[in-house]
Amino acid sequence: MSDTSPGHESDPQSQIQPRYGSSVELRIVDHPLVAHKLTVLRDETTDSPTFRRLTEELVTLLAYEATRNVRVVSRTVQTPLQAAVGVKLSPPRPLVVPILRAGLGMLEGMTRLIPTAEVGFLGMARNEETLVATTYAERLPSDVTGRQCYILDPMLATGGTLASAVEFLVRRGADHITCICLIAAPEGIARLEDVVDQLHVPCTLVLAGLDEKLSDVGYILPGLGDAGDRLYGVV
């Protein structure tokens with residue numbers, strides 16, 4: 001797993017990296033199983049039950065990379081033979097924040113890997129005309145100082161929603177934020193970088209794939225469609 005992928009000059013994954021000095025660390029997970037599952041998710045014939053299951057599996061793989069810097073403390077346990085020194089997650093517990101509604105489809109895959117994490121919820125919606133994200137619901141601690149926060153959002157398109165979520169958590173005291181997305185467009189990454197650079201809070205962005213661009217109406221190309229609709233149907 002690394003933040004680069006083999007390719008040629010036209011390959012967006014080999015071209016787009018964080019700007020020099022950016023506070024966003026970009027990690028594109030390069031693994032055959034990740035690529036396979038993402039390909040099936042892109043397929044328009046994949047039904048919702050399969051889409052949900054593969055999303056959970058894919059997020060667990062991404063979470064392995066996303067939690068590489070999770071904080072731990074030393075712990076000694078007694079084996080059947082002798083004492084052994086290991087580690088355990090250090091308090092306070094990590095906070096996982098799915099962005100409603102599509103982020104809910106990623107929650108099970110994340111908590112499968114880190115079941116002791118606490119879960120908060122953030123409801124944000126993008127105005128399809130202005131492309132500006134607004135918050136309509138939240139269930140989060142009033143103070144997240146010292147907490148490692150993991151934001152779940154399948155699609156990083158224009159970047160407005162994810163950037164707003166990062167700003168929201170920083171206002172609550174967050175100083176360590178990791179964003180996990182299935183795919184992203186270069187425009188969304190640039191928007192996230194601009195916001196994070198102003199906040200002066202380091203942020204890691206973990207992706208399964210980096211796509212080519214946004215359409216005229218703000219959808220990722222080639223993308224995988226509307227993640228919320230493909231997870232739960234059109235409502």
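**Notebook: helix packing and buried contacts**

I began with phenylalanine 51, which has its place in helix H3. The model I am reading is a predicted one, and I keep that in mind for every entry below. Phenylalanine 51 counts as buried because its relative accessibility is 0%, where the cut-off for buried is under 20%. Setting aside residues up to four places away in sequence, I found that phenylalanine 51 touches Leu41, Thr46, Leu224, Ala227, Arg230 and Leu231. I then looked up one of these partners, alanine 227, and noted that phenylalanine 51 and alanine 227 are 176 residues apart in sequence but 9.1 Å apart in space, C-alpha to C-alpha.

**The chain as a whole**

I next took the totals, and the protein chain has 7 helices and 13 strands. Of its 235 residues, 49% count as buried. Among the contacts in the chain with a separation of 6 or more, 72% are accounted for by residues 24 or more positions apart.

**Helix H2**

Leu41, which phenylalanine 51 touches, led me to helix H2, residues 32-42, where Val34, Lys37, Leu38 and Leu41 are buried. Looking down the axis of H2, I see these buried residues fall within an arc of 100°, and they therefore line one face of the helix. For the background to this I recall that an α-helix has 3.6 residues a turn, so residues three or four places apart point the same way. On the face of H2 turned away from the buried side I noted the exposed residues Pro32 and Thr39. I also asked what covers the buried residues of H2. The cover includes helix H3 (48-66), strand E10 (177-184), strand E11 (203-210) and helix H7 (227-232).

**Leucine 182 in E10**

Strand E10 is the place of leucine 182, and this residue counts as buried because its relative accessibility is 1%. Not counting residues up to four places away in sequence, leucine 182 touches Leu41, Thr55, Leu58, Val59, Leu62, Met106, Asp153, Pro154, Leu207, Ala208 and Gly209. For one of these, alanine 208, I read a C-alpha to C-alpha distance of 5.0 Å from leucine 182, with their positions 26 residues apart in sequence.

**H3 against H4**

I returned to H3 and looked at how it packs with helix H4, residues 104-113; the angle is about 45° and the axes are 7 Å apart. That angle makes H3 oblique to H4, and H3 passes H4 in a right-handed crossing. On the H3 side I listed Thr55, Glu56, Val59, Thr60, Ala63 and Tyr64, which meet Gly105, Met106, Glu108, Gly109, Met110, Arg112 and Leu113 in H4. By class, this contact of H3 with H4 has 6 nonpolar, 4 polar and 3 charged residues. Thr55 and Val59 of H3, together with Met106 of H4, are also among the residues that leucine 182 touches.

**H5 against H6**

The second helix pair I looked up was H5 (residues 160-171) with H6 (residues 186-199), which pack at an angle of about 15° with their axes 8 Å apart. H5 is therefore roughly parallel to H6, and the crossing in which H5 passes H6 is right-handed. Gly160, Leu162, Ala163, Val166, Glu167 and Val170 in H5 meet Arg191, Leu192, Val195, Val196 and Leu199 in H6. I noted the classes here as well, and the contact of H5 with H6 has 8 nonpolar, 1 polar and 2 charged residues.

Serine 164 is also found in H5, and I asked whether serine 164 counts as buried or exposed. It counts as buried, because its relative accessibility is 17%. Leaving aside neighbours within four places in sequence, serine 164 is in contact with Met124 and Ala133.

**Backbone entries**

Last, I went through the backbone geometry, where I found that the peptide bond from proline 91 to proline 92 is cis, with omega near -5°. Proline 92 is found in the loop between strand E3 (83-89) and strand E4 (95-100). A cis peptide bond also joins leucine 100 and arginine 101, with omega about 0°, and arginine 101 has its place in the loop between E4 and H4. Histidine 200, although not a glycine, has a positive phi of about 60°; this residue lies in the loop between H6 and E11. Histidine 200 counts as exposed because its relative accessibility is 67%.

Terms used:
Residues numbered from 1 in each chain as written. Predicted model: local features only at pLDDT ≥ 70, side-chain atom pairs only at ≥ 80, totals over all residues. Heavy atoms only, no water. Buried < 20%, exposed > 50% of the residue type's maximum accessible area, 1.4 Å probe, protein only. Helix = DSSP H or I, 4+ residues; strand = E, 2+ residues; numbered from the N terminus. Arc of directions from axis to C-beta. Contact = heavy atoms within 4.5 Å. Axes fitted to C-alpha atoms, helices over the stretch in contact; angles between N-to-C directions. Parallel < 35°, antiparallel > 145°, perpendicular 65-115°, else oblique. Left-handed = near helix turned anticlockwise from the far one by under 90°. Nonpolar A, V, L, I, M, F, W, Y, C, P; charged D, E, K, R; others polar.
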